[in-house]
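The following exercises are intended for a reader new to this structure. Each opens with a task and continues with a worked solution.

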Amino acid sequence: MKKALLLNLATIALLASCRSTGNNVYDSSTVDSTALAAIEKASLVKNITTLSSDDFLGRKPFTKGDTLTVRYIENQFKSLGLAPGNGDSYFQEVPMVSINSSPKRKILTFTGKSNQQLSIHHLDDYVIGSKRLKENITIEDSELVFVGFGIIAPEFGWNDYKGLDVKGKTVVAMVSDPGKYDKNLFKADTMTYYGRWTYKFEEAARQGAAGVLLIHDTDAASYGWNVVRSGWTGPQLNLDNQTNESNTTAFEGWITAETTKQLFTLAGKPMSLLDEAKKTGFQAVPLEIKTSVSLTNKIRKSSSNNVIATLKGSERPDEVIIYTAHWDHLGTGEAIEGDSIYNGAIDNAAGVSALFEIAKAFKAAKSQPERSIAFLAVTSEEEGLLGSSYYAANPIYPLAKTVANLNMDAFSPLGETKDVSIVGIGQTEIEDYVEMSAKKFGRIVKGESNPSSGGFFRSDHFNFVKVGVPGLFMGSGNELLSADTAAIKIRREKLAGRYHTVHDEIDENWDFEGILADIRLFFDIGYTMSMEKTFPNFKSKSEFKEISDKRLVK
């Protein structure tokens, strides 16, 4: 009887992992070698090389590079035999506004209570801009207030604006959130949305501030001042609904760490005030400093495009799994050693090229996916996740029928790794699929190495998450498989510091095997999910589970 029981259990387990589709049987414990063979290095390299070439001018929305890029992606989707994803079109138009803010005076001056002054220089010491649709922005004698992290989070018992009236004033705030510095606060070293710079700007606007200046800190922000500087150089894009005076301050910007020291000295305040702001019960501190800001805005309304294609499901075509990768980068900017094109090979020509390889794999699969698969290349991620934000607000496929979003952004060219890293681990049940697929390839699953950087909020999956669709953002881990430590050291040195610079180009230092391994994993996760009838959800402790539950009962 015991043997019979075990045999029956084994049979049930086998049936649970297999599904008949036509004349084939799908076994979720194995990989489809035919499908995986369609993922090829040659075509991957060709597409990355093309999309990150100087011909595409850094793929900035609203430029010639925009037109060239979306047409290239459309043609690739067509050549792969994918159907248009938006009715009879491969495009979803995303209306936006371009604002090129320039300070009328490059030197910004702060005046203390004894009429002592501090003058700082545009780009070197500060960046500044405005989202308001006004050609001229002028703020006179605005008082500065240090508001710590600039956070109001009732669920964590935190309010940096308590008892404070900042109408007409300029708030100075730190990036990140208290959990980075005290593991007993917020979510410890896993950054919450309250730590994102976008939240700081939004909250300052809700409080009626005239302006907001964020204090840059390389460790807390997880990137250097050069990234802030390049990102704030030239026109900035926004969705139309992000430019209303009711939800924007008159100006927003950043100041360097050194400028912060000088500013506190002018105010007669110790730098230890930054440490005080990391503790529960901190009260905002007026700095008794004033500044005046004058900006000129060059405004242009236009639109960019998300590019979308689909492979219709064989059994449940109304249910869809969406793969995303953003196609944009920073365009052209300040020249560095004669190079002014921010090519964006890693970020994110590699991700877009992965869409094509995964599409090839689905087309080649022995058993075609039972659910539909959408391939969505979104615009304007670098400008604040705008393309995915627009899609989430205007979904082509009903959110209640959207199974999951699998997002690919910035693959690592360092080589194959034993581990795979999930950004924001602990959020969704997609992680169970990652575990299942990783085992097939002999890989292990870990969380991100720097959870305090807020990576979960920094790519396009997050806009799906906000509307209740489970999203996955993952990449290579840290355990490189190569035993050639000398070669690895050289490759790390050669590839370091490319994020958001003109050096993000494809070259002889790239090892594509890790990228290919991650692409195969991404395919298998989505393919496994496409053959099931269940919908993954958020995990019980996720702050997004409630909204996801509501989505699924619609």
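## Exercise 1: A serine and a phenylalanine in loops

S380 is located in the loop between β19 and α11; helices (H or I, at least four residues) and strands (E, at least two) are DSSP runs, numbered from the N terminus. The model is predicted, so local features need pLDDT of at least 70 and side-chain atom pairs count only at pLDDT 80 or more, while totals for chains, interfaces and linings use all residues. Residues are numbered from 1 along each chain as its sequence is written, and side-chain values use heavy atoms, with hydrogens and water left out.

Task: determine whether S380 is buried or exposed, and describe its backbone.

Solution. Step one is the accessibility: S380 has 0% relative accessibility and therefore counts as buried (buried means under 20% relative accessible area, exposed over 50%, partly exposed in between, with a 1.4 Å probe and protein chains only). Step two is the backbone: S380 is not a glycine, yet its phi is positive, at about 55 degrees. Step three turns to F186, in the loop between β11 and α5. F186 is likewise not a glycine and has a positive phi of about 50 degrees. With a relative accessible area of 12%, F186 is buried.

## Exercise 2: The surroundings of helix α5

Task: state how many of the 10 residues of helix α5 are buried, and what they pack against.

Solution. Begin with the count: helix α5 (residues 197–206) is mostly covered, with seven of its 10 residues buried. These are T198, Y199, K200, F201, E203, A204 and A205. Next, consider the neighbours: the buried residues of α5 pack against the strands β9 (152–153), β11 (170–174), β12 (211–215) and β14 (251–255), where contact means heavy atoms within 4.5 Å. Finally, look past the end of the helix: G208, just after α5, takes a positive phi of about 85 degrees.

## Exercise 3: Two aromatic pairs

Task: classify the pair formed by the rings of F56 and Y72.

Solution. A pair of aromatic rings is described by the distance of the centres and the angle of the planes. Rings of Phe, Tyr and Trp (its six-membered ring) pair if their centres lie within 6.5 Å; planes under 30 degrees apart count as stacked, over 60 as edge-to-face and the rest as tilted. A search of the whole structure finds 32 such pairs. For F56 and Y72, the centres are 5.8 Å apart and the planes stand at 85 degrees, so the pair is edge-to-face. Now locate the partners: F56 is in the loop between α3 (41–51) and α4 (64–79), Y72 is in helix α4, and the two are 16 residues apart, so that the pair links distant parts of the chain. Both F56 and Y72 are buried.

A second pair, W197 with F201, is also edge-to-face, at 5.7 Å centre to centre and 70 degrees between the planes. W197 and F201 are four residues apart in helix α5, and are therefore separated by about one helical turn. W197 has 22% relative accessibility and so counts as partly exposed, whereas F201 is buried at 4% relative accessible area.

## Exercise 4: Two helix crossings

Task: describe how α12 and α15 cross, and then how α3 and α4 cross.

Solution. Two packed helices are described by the angle between their axes and the distance between the axes. Axes are lines fitted to C-alpha atoms, for helices over the stretch in contact, and angles run from 0 to 180 degrees between N-to-C directions. Angles under 35 degrees count as roughly parallel, over 145 as roughly antiparallel, 65 to 115 as roughly perpendicular and the rest as oblique.

First pair: the axes of α12 (residues 430–440) and α15 (residues 513–530) come within 9 Å and cross at roughly 120 degrees. The two helices are therefore oblique to each other. Their contact is made by I430, Y433, V434, M436, S437, A438 and K440 of α12 with L521, D524, I525, T528 and M529 of α15.

Second pair: the axes of α3 and α4 come within 11 Å and cross at roughly 160 degrees. Helices α3 and α4 are therefore roughly antiparallel. Here K46, N47, T50 and L51 of α3 meet T69, Y72 and Q76 of α4.
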